[in-house]
Amino acid sequence: MSEGLYPYATIFQKHYLADHWWPIFWFLSLPYKLFPSPLTILFLNLIGFFVALVAMFLLFLKKTQHKFLAFALCVNLALHPYVQMALVGRSNSDIYSFVFISLAFCFYSYKKYIGYFIFLGAAFLCKEDVPLYFAAAGLWLVFIEKNRKIGWATFGISVIYFIGVTKFLMPHYNDSVSLMNFSRYYDYLGSSIDEIILNAFMKPWLVVGQIFSFSSIISLIFLFGPVLGFIIFSGSSFWLLCVPILIKLLAIRSDMAMFAKHHVWHPLFFIY
């Protein structure tokens, strides 16, 4: 991509955007063209994470009104074992969606809604499942934050964008094959995205069985363990905000369900 060549992923034998929706890589190819080295990618990841930490600190400070507590949460996040594994173990666009999500909600917390929607749009360029998290967060804004205008706008934009990308844009780059790339990770709930969503509600025992599987319980311990003390003093709305975590927890693919490598970034933001 940095050389202006056709973005064909040889490992998947398809167009890059047919595997995942990550136009963000076109922007990342610019600095890589100037400094073509794996260290460039690592450097960009670290810079991005630092920016996210600053945004999270301002967000924590706004919510807690306590500098030491906000700083403690940031240190806790930086030392989280999954963060170390994700930063070094495997580079992926999820780190940048984590950055943009952090910036979006930082702007939201300070009522800078233009900035909020700018970084919402930037996060959408990182992967096709990002709008699902914003859709859930939009409902949280409506029913918990009581910000109906911004919440419904977030929900509506997220749903429309998600459908457009997964139903039209990604199939266009996949020889017009209508395929939800991630639906195979939930095939125990159905063979199509419609069946998966329907059976998640109509056959709850399948969902409960996956949540209480051994791998899921271990994942939850590692995810929530470092912030258990903070969770005890959190309100009930915390659990609603963590609902998007189920998107990955319910996957049958082990590195997704156990939040290995880059799959941890989205859940970590909502937890913290």
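Here a biologist and a modeller talk through a predicted model.

Biologist: Before I trust anything, how confident is the predictor, and which elements have the lowest and highest mean pLDDT?

Modeller: Start with the average: the protein has a mean pLDDT of 83, and 84% of the residues score at least 70. Then go element by element. Helix α16 (residues 254-257) sits at the bottom with a mean of 53, while helix α7 (residues 113-124) is at the top with 97.

Biologist: OK, now the core. Which residues of the largest nonpolar core touch the most other members?

Modeller: That core has 58 residues, and the best-connected ones are Phe49, Leu77, Tyr116, Phe134 and Tyr272. Helix α6 (residues 94-109) gives the largest share, 11 residues. There's another core apart from this one, with 7 residues, including Tyr185 and Ile196.

Biologist: Take Phe49. What is it in contact with, leaving aside neighbours within four places in sequence?

Modeller: Quite a list: Leu77, Ala78, Val83, Leu87, Ile95, Phe98, Val99 and Trp265.

Biologist: How do I read a helix like α12? Where do its buried residues fall, seen down the axis?

Modeller: Mark the buried residues, then look down the axis. In α12 (residues 214-224), you'd mark Ser216, Ser219, Leu223 and Phe224. They fall within an arc of 105 degrees, so they line one face of the helix. On the face turned away from that buried side you'll find Phe214 and Ile221, both exposed.

Biologist: And charged pairs? How many salt bridges does the count come to?

Modeller: The general idea is that side chains of opposite charge can pair when their charged atoms come close. Here the count comes to 2. In one of them, Glu145 pairs with Lys63, with 3.6 Å between the closest N and O atoms. Glu145 is in the loop between α8 and α9 and Lys63 in helix α3 (residues 38-64), so the pair ties together parts 82 residues apart in sequence.

Biologist: Are those two buried or exposed?

Modeller: Glu145 is partly exposed, at 29% relative accessible area, and Lys63 is exposed, at 51%.

Biologist: What about the pair of Lys127 and Asp94: how far is N from O?

Modeller: Their side chains meet at 3.3 Å, N to O. This pair also links distant parts of the chain, with Lys127 in the loop between α7 and α8 and Asp94 in helix α6, 33 residues apart. Both Lys127 and Asp94 are buried.

Biologist: Last one: how far apart are Leu132 and Phe155 in sequence and in space?

Modeller: Compare the two distances: 23 residues along the sequence, and 8.8 Å from C-alpha to C-alpha. Leu132 belongs to helix α8 (residues 130-143) and is partly exposed, at 26% relative accessible area.

Note on methods:
Residues numbered from 1 in each chain as written. Predicted model: local features only at pLDDT ≥ 70, side-chain atom pairs only at ≥ 80, totals over all residues. Heavy atoms only, no water. Buried < 20%, exposed > 50% of the residue type's maximum accessible area, 1.4 Å probe, protein only. Helix = DSSP H or I, 4+ residues; strand = E, 2+ residues; numbered from the N terminus. Arc of directions from axis to C-beta. Core = buried A, V, L, I, M, F, W, Y, C linked by side-chain atoms within 4.5 Å. Contact = heavy atoms within 4.5 Å. pLDDT = per-residue confidence, 0-100. Salt bridge = Lys/Arg side-chain N within 4 Å of Asp/Glu carboxyl O.
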